[in-house]
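Here's a quick walk through one model, written for someone who likes cut-offs spelled out. Have the coordinates open while you read.

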Amino acid sequence: EARWESPIGAYVGAAFRWALAQDRLALTDRSDARIPPGGTPGFAVVDLRAGYRLSRYVIASLVVENVGDTPYRYHGSSINSPQRGVLVSLEGGL
């Protein structure tokens, strides 16, 4: 019988999201209210995560999104980014 057990212990991770400035606009983009005048600025954002597997079925974790509290907007979305966010979780399963 082959069995795989999840290791008990800590883990860490990071994510890096970025975009270059979007300033080469088509004529229709220039009149689009979702796009700032002159285009959408570039950005770079770092997210960090860490956690600990307490048992085969339980994981505690901490995620910090947008560590530098960088303002950003995905081009054409009309939605400004959320500020820094922190998520603490405790997950269990069967």
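Is aspartate 32 buried or exposed? With a relative accessible area of 17%, aspartate 32 is buried; the label means under 20% relative accessible area, while exposed is over 50% and partly exposed is in between (1.4 Å probe, protein chains only).

Some ground rules before going on. This is a predicted model, in which local features need pLDDT of at least 70 and side-chain atom pairs count only at pLDDT 80 or more, whereas totals for chains, interfaces and linings use all residues. Residues are numbered from 1 along each chain as its sequence is written, and side-chain values use heavy atoms, with hydrogens and water left out.

**Salt bridges**

Aspartate 32 has a charged partner: a salt bridge joins it to arginine 34, with the closest N and O atoms 2.7 Å apart. The term asks for a side-chain nitrogen of Lys or Arg within 4 Å of a carboxyl oxygen of Asp or Glu. Arginine 34 is partly exposed, at 40% relative accessibility.

Searching the whole structure turns up two salt bridges. In one of them, the side chains of arginine 17 and aspartate 47 meet at 3.2 Å, N to O. Arginine 17 sits in strand E1 and aspartate 47 in strand E2, so this pair ties together parts that are 30 residues apart in sequence. Strands (E, at least two residues) and helices (H or I, at least four) are DSSP runs, numbered from the N terminus. Burial varies within this pair: aspartate 47 is buried at 9% relative accessible area, while arginine 17 is partly exposed at 26%.

**Aromatic rings**

The model holds three aromatic pairs. Rings of Phe, Tyr and Trp (its six-membered ring) pair if their centres lie within 6.5 Å; planes under 30 degrees apart count as stacked, over 60 as edge-to-face and the rest as tilted. Phenylalanine 43 and tyrosine 74 make an edge-to-face pair, 5.3 Å centre to centre with 90 degrees between the planes. That contact links distant parts of the chain, 31 residues apart: phenylalanine 43 belongs to strand E2 (residues 43–53), and tyrosine 74 to the loop between strand E3 (58–65) and strand E4 (85–92).

Tyrosine 74 also pairs with tyrosine 72; their ring centres are 5.7 Å apart and their planes at 85 degrees, so this one is edge-to-face too. Put together, Phe43, Tyr72 and Tyr74 form one aromatic cluster. How do they fare for burial? Phenylalanine 43 is buried at 8% relative accessibility and tyrosine 72 is buried at 10%, but tyrosine 74 counts as partly exposed at 41%.

**Strands and the surface**

E3 and E4 pair in the antiparallel sense over eight bridges; strands pair if DSSP finds at least two bridges between them. To pick out one rung, alanine 60 has leucine 90 in E4 as its bridge partner. Of the eight residues of E4, the number buried is zero, so E4 lies largely in the open.

There's also a nonpolar surface patch made of Phe16, Trp18, Leu20, Val46, Leu48 and Val67, with about 600 Å² of accessible area together. Patch members have over 30% relative accessible area and no salt bridge; like charges are joined within 9 Å, nonpolar side chains (Val, Leu, Ile, Met, Phe, Trp, Tyr) within 5 Å. The areas come from the Shrake-Rupley method with a 1.4 Å probe, and for residues only the protein chains shown count as cover. Strand E1 (9–19) and E2 each supply at least two residues of this patch. Tryptophan 18 lies in strand E1 and counts as exposed at 53% relative accessibility.

**Loop residues worth a click**

Two non-glycine residues have a positive phi:

| Residue | Phi | Relative accessibility |
|---|---|---|
| Asparagine 66 | about 55 degrees | 2%, buried |
| Serine 78 | about 65 degrees | 38%, partly exposed |

Asparagine 66 lies in the loop between E3 and E4, and serine 78 is in the loop between E3 and E4 as well.

Threonine 40 is in the loop between helix H1 (27–30) and E2, and is buried at 3% relative accessibility. Leaving out residues up to four places away in sequence, threonine 40 touches Ala21, Gln22, Ile35, Arg73, His75 and Gly76, where contact means heavy atoms within 4.5 Å. By contrast, threonine 40 and leucine 62 are 22 residues apart along the chain, with 31 Å between their C-alpha atoms.
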